[in-house]
Amino acid sequence: MKIKHYDVFVIGTGTAGKTVAKDCAAAGLNVAIADNREYGGTCPNRGCDPKKVLVGATEVVQMASNLKGKGITSVPEISWKDLQHFKENFTVAIPAATEKELDKLGIVMYHQSPKFIDEKTLSVEGKTVTADKIVIATGMKPLELKIAGREHLLKSEDFLHQPELPDEIVFIGGGYIGMEFAHIAARCGSKVTIVERGSRPLKPFEKDIVEHLTEVSKDLGITFIFNADVTEVELLRTNYRVLYKNNGKIESVKAKAVFNTTGRIPAIAELELEKGNVAFEKEGVSVNRYLQNTTNPNIYACGDVSASGTLPLTPVSSYESKLVAKNIIKGNEEKLDCPPIPSVVFTIPQLAAIGLTEKEARQQDYSIKVEYKSVPNWFNAKRLNEDVYAYKTIVDTDRNLILGAHIIGGNAGEMVNLFVLAMCGKLTTDQLKEMVFAYPTWSKDIKGMV
């Protein structure tokens, strides 16, 4: 059988892989792409987008709850079945639409995870193919817990597709996935427990701001078990028992369903990278500033699977994919110089962050001014009867520039984007304060945060 050759072969059809394939095809290159799952990747099929649809319904319930007795007479109930049906409107068409889009551009599609044979050769669908450039954009997958009974654990995507919501749930891991799903489940009526090996949830985020969210979560009915190492999951008659070690003692908690939300790791195990002389590490495929592999110059990696030092977020995947496409088409002309990247935890209230935490700024020996305040008395929180609204900003006093901004509040996810503009544009706090924003808006509040 004749070996098929391509200018570019992309592995992964999520935000990163799809963008590289489209840009290279538009430039006249002969492109192929492969995926061992439904086309479109994690975000629109089983990640960010369907999650946010579920969050939307809980936002309605929370706002009504805040305003009950203040003009609102009753709090609506969520129908999980109807909500799941609504969510499917956003996900069901993604794979076919993605394939149609790629096919229109003349991109050859494969439906299997390739394996490397050598530095420029892959085996896929029983065929041998070669390519001048191979792009790894396989993203991440859930971290497997090496514990007894791990076959009983459900994954994050299982939560998004639950036909019925279990009335008792344990989430193992208090990262952003565990926290977001815990808030959704609790507001939909489930009894929720989070078992976390650390002393608090959301370890990478600003501690002072996370403490507000932890208290809100407890008030919502979420139980936290901190400093707990899960050792086993047992199947009982109608429940599961999660055993964990806490302060040297083995304790347990029962639930109808147990979800592994301990984190995600680069999806590279099936690729047999060693055969392709592709260097990799714990964080993913090893890359230089051009997002080119450090040992095989024919290979590029972008998105969550690249060990580029950036955050594993969809907007970053898009940013990196554009850079990879440019460097393949024009030669290595552009180095990775990622701007400040915001991240948002879509709980209620939202937690948003950009830049350095106070601890990080002090470790880097900046001369800083830190402003940390709880401001539920500000108008935007008061008018919605929200009792949690706080921020912490870190400013470099030598240059009067914002180094970091951390917010918890009803609209924190939108507010942090204005800090993106300020930080990318290197606006001083004085320049920011001189600007005129519409009133009364959440956006205007950032002037009072610096």
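Two strands count as paired if DSSP finds at least two bridges between them. With that in hand, look at strand 23 of this predicted model, where I402 is the bridge partner of V395. From there, the tour below goes through a sheet, some charged pairs, two nonpolar cores and a few single residues.

**The five-strand sheet**

- Strands of a sheet pair through backbone hydrogen bonds, either parallel or antiparallel.
- Here, five strands form an open sheet in the order 19-20-23-22-21, and the pairing is antiparallel.
- The edges belong to strand 19 (342–345) and strand 21 (368–374); each has a single partner strand, so one side of each is left without a neighbour in the sheet.
- From one strand to the next, the twist averages 10°.
- Zoom in on strand 22 (residues 390–396) and strand 23 (residues 401–409): they run antiparallel to each other and share seven bridges.
- The V395 and I402 pair from the opening is a bridge involving strand 23.

**K392, a charged residue on the inside**

- Where does K392 sit? Look for K392 in strand 22.
- Is K392 buried or exposed? K392 has a relative accessibility of 1%, so it counts as buried, the cut-off being under 20%.
- K392 forms a salt bridge with E206, and the closest N and O atoms are 3.0 Å apart.
- This pair ties together distant parts of the chain: K392 is in strand 22, while E206 is in the loop between strand 9 (191–195) and helix 8 (207–220), 186 residues apart.
- Both K392 and E206 are buried.
- The side chains of K392 and D208 also meet, in a polar contact of 2.5 Å.
- Leaving aside neighbours within four places in sequence, the residues in contact with K392 include E358, V370, Y372, G404 and H406.
- Step back a little and you find a network of salt bridges that links E206, D208, E358, R362 and K392.

**Other salt bridges**

- How many salt bridges are there? The count comes to 22.
- One of them joins E125 and K127, with the closest N and O atoms 3.4 Å apart.
- E125 has 31% relative accessibility, so it counts as partly exposed.
- K127 is partly exposed too, with a relative accessible area of 33%.
- Another salt bridge pairs K275 with E272, where the closest N and O atoms are 2.9 Å apart.
- E272 is partly exposed, at a relative accessible area of 26%.

**K51 and its surroundings**

- K51 belongs to helix 3 (residues 48–67).
- Its relative accessibility is 10%, so K51 counts as buried.
- Which side chain makes a polar contact with the side chain of K51? That partner is E180, at 3.1 Å.
- Not counting residues up to four places away in sequence, K51 touches L160, E180, F181, I184 and F346.

**The nonpolar cores**

- In soluble globular proteins, nonpolar side chains tend to be buried together.
- The largest nonpolar core in this model has 45 residues, and those with the most contacts inside it are F9, F116, V135, I136 and V285.
- Among the elements that give two or more residues to this core are strand 1 (4–11), helix 1 (15–26), strand 6 (127–136) and helix 9 (314–330).
- Take V285 from that core: beyond four places in sequence, the residues V285 touches include I136, I268, L273, F280, A301 and V305.
- There is also a second, separate core of 37 residues, which includes I209, V210, I222 and I408.

**L291, a loop residue tucked away**

- You will find L291 in the loop between strand 17 (284–285) and strand 18 (299–301).
- Is L291 buried or exposed? L291 has a relative accessible area of 0%, so it is buried.
- Not counting residues up to four places away in sequence, L291 touches nine residues' worth of company listed here: I299, Y300, A301, C302, S308, E320, L323, V324 and L336.
- L291 and N327 are 36 residues apart in sequence, and their C-alpha atoms are 8.8 Å apart in space.

Notes. Residues numbered from 1 in each chain as written. Predicted model: local features only at pLDDT ≥ 70, side-chain atom pairs only at ≥ 80, totals over all residues. Heavy atoms only, no water. Helix = DSSP H or I, 4+ residues; strand = E, 2+ residues; numbered from the N terminus. Axes fitted to C-alpha atoms, helices over the stretch in contact; angles between N-to-C directions. Buried < 20%, exposed > 50% of the residue type's maximum accessible area, 1.4 Å probe, protein only. Contact = heavy atoms within 4.5 Å. Salt bridge = Lys/Arg side-chain N within 4 Å of Asp/Glu carboxyl O. Polar contact = N/O pair within 3.5 Å; in protein donor to acceptor, adjacent residues only side chain to side chain. Core = buried A, V, L, I, M, F, W, Y, C linked by side-chain atoms within 4.5 Å.
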